[in-house]
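Me: Please take one part of this model and go through it closely, then follow it outward to its surroundings. Give the cut-offs of the terms as you go.

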Amino acid sequence: MTSFDTSPQLNVWRALLALAVVFVMLATTGWTAVRGHRGSTALQASVSAWKHGYLHGHRLPDPDAGPARLARFFASLGARDRALLAHRYPLAVGNMNGAPVALRYQANRIALGRARAAESERTHDSRLTPAGQQDASRRMHRFGELMAPGRHILAFDPEGSGRVAEVFGDLATARRVSVVVPGVDTDLFTFRKSYRPYTALYGMARSLYTAERAAAPRARTAVIAWADYTAPSGLGVDAATAMRAEEGAVRLNKLLRALPGDAPVALFCHSYGSVVCGVAARELPRRVTDLAVAASPGMRVRNAAQLRTTAHVWAMRDPTDWIRDVPYLELGGLGHGADPVSAGFGARVLAAREAKGHAGYFEPGTDSLTNFAAIGVGAYDSVRCARDNDGCRAHLSGTTTAGRA
């Protein structure tokens, strides 16, 4: 079958297969949505301390206040007071939407240093098993890597497998901003890989940033590698439902509403990340001009119009990606809806001919990365469509913004 479309008969077989897989997963793993309650995390403790904190005899503002309110608060402070708050409440400030970007970087460096020191002590804790000490060593080294000179950590949570967001470029002055939203098995410890680096989020975002700079050398761009949600672990029930996506969508929209300036924003959503973006779509700020998905299992809708977003919706899938064989349906909360690259979905379908497999879309030299970079800098006239004469570039504006400083 060479078309992106699927026959009704094939969809029936896929539906039956999906139900069989679901029953097996439920029988062998249980319904993982049922979670136990845990104690306060380091981040929660820092936020709680902020809520009860004072500065010069005045209560600090509600950390859950709108980003504009928090931005005004920080703008009213001098450099010394901002630094004091970053040292006193590093995790709270480092994850606070509305805090100045540079201050979040500073606070997260402090939080990382403290987390690394705590893990260093645990490596010598005789109460831990050798495996526990080894895990502490692994965490210590990963925290140290995130503190390396030149790294800009926008969000950090050391709890469990962790969450992190990193910025490439100058986010405060960028005229175009891109956000890469990853899929399953993404956390603080899989964030960067030395083997096959472009299959991990750090490599994806860095590759996109490099490609955008090549596409528009004079443009001021920034790319955010956003692993600041709890992604599903493996291809179990969590990955087949929207629970993680719903949590992630709330966090993603909070980030987007708090970004500095008014630069256009493009979302690049890979695999389960496209589910997150699909759920987030209705609440996206209008500054989000583009929503591009790759290797998508669906976006929790039947067609692009149901996303109810003003952003341009793009989709791509390379011919060797196994995701093409998933059942594109939603039944009782399981599955993620229609195939975004199908003709009936209504997305602008892009070429990804040079990409290989499920995680090869950000590999340098691929059509997929070239297309992503063109979208990221607003050079819509440079994108390559998956099908000839299908109008994927029709009725687009902003095709001359790429070279502006």
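Reply: Gly132 is found in helix α7 (helices are DSSP runs of H or I of at least four residues, strands runs of E of at least two, both numbered from the N terminus). Gly132 is classed as buried because its relative accessible area is 18% (buried is under 20%, exposed over 50%, partly exposed in between, with a 1.4 Å probe and protein chains only). Arg122 is ten residues from Gly132 in sequence, and the C-alpha atoms of the two are 8.3 Å apart.

The model is predicted: local features need pLDDT of at least 70 and side-chain atom pairs pLDDT 80 or more, while totals for chains, interfaces and linings use all residues. Residues are numbered from 1 along each chain as its sequence is written, and side-chain values use heavy atoms, without hydrogens and water.

Before α7, the loop that follows α6 (101-122) holds Asp125. Asp125 is also buried, with a relative accessible area of 18%. A polar atom of its side chain lies 2.9 Å from the backbone nitrogen of Arg127. That is a polar contact (N or O atoms within 3.5 Å; within protein one must be able to donate a hydrogen and the other to accept it, and residues adjacent in sequence count only if both atoms are side-chain atoms).

After α7 (130-146), the loop that leads to β3 contains Arg151. Arg151 is buried at a relative accessible area of 10%. A polar atom of the Arg151 side chain is 3.1 Å from the backbone oxygen of Glu145. Leaving aside residues up to four places away in sequence, Arg151 touches Arg109, Glu145, Leu146, Glu166, Phe191, Arg192 and Tyr202 (contact means heavy atoms within 4.5 Å).

Strand β3 comes next. Five of its six residues are buried, so β3 is largely enclosed by the rest of the structure. β3 and β4 pair in the antiparallel sense over five bridges (pairing requires that DSSP finds at least two bridges between the strands). Glu166, one of the residues that Arg151 touches, is the bridge partner in β4 of Ile153. The hairpin of β3 and β4 has five residues between the strands, and Gly160 there takes a positive phi near 60 degrees.

This hairpin belongs to an open sheet of eight strands with mixed pairing, in the order β3-β4-β6-β5-β7-β8-β9-β10. β3 (152-157) and β10 (348-349) are the edge strands, each pairing on one side only. Further in, β7 (residues 265-270) pairs with β8 (residues 288-294) in the parallel sense over six bridges, and Phe268 stands opposite Ala292 in β8. Helix α8 (residues 201-215) packs on the sheet and touches β4 (163-169), β5 (176-181), β6 (221-227) and β7, its direction making about 170 degrees with that of β6 (axes are lines fitted to C-alpha atoms, for helices over the stretch in contact; angles run from 0 to 180 degrees between N-to-C directions). Helix α12 (residues 367-376) also packs on the sheet, touching β5, β7, β8 and β9 (312-316), and its direction makes about 155 degrees with that of β7.

The charged pairs remain. The structure holds 15 salt bridges (a side-chain nitrogen of Lys or Arg within 4 Å of a carboxyl oxygen of Asp or Glu). One of them joins Arg251 and Asp228, with the closest N and O atoms 3.2 Å apart. This pair links distant parts of the chain, 23 residues apart: Arg251 is in helix α10 (residues 243-258), and Asp228 is in the loop between β6 and α9 (237-240). Arg251 is partly exposed at 29% relative accessibility, whereas Asp228 is buried at 9%.

Asp367 and Arg384 form another salt bridge, whose closest N and O atoms are 2.6 Å apart. Asp367 lies in α12 and Arg384 in the segment after α12, so the pair ties together parts 17 residues apart in sequence. Asp367 counts as buried at 8% relative accessibility, and Arg384 is partly exposed, with a relative accessible area of 37%. Salt bridges that share partners also join Asp157, Arg163, Asp228 and Arg251 into one network.
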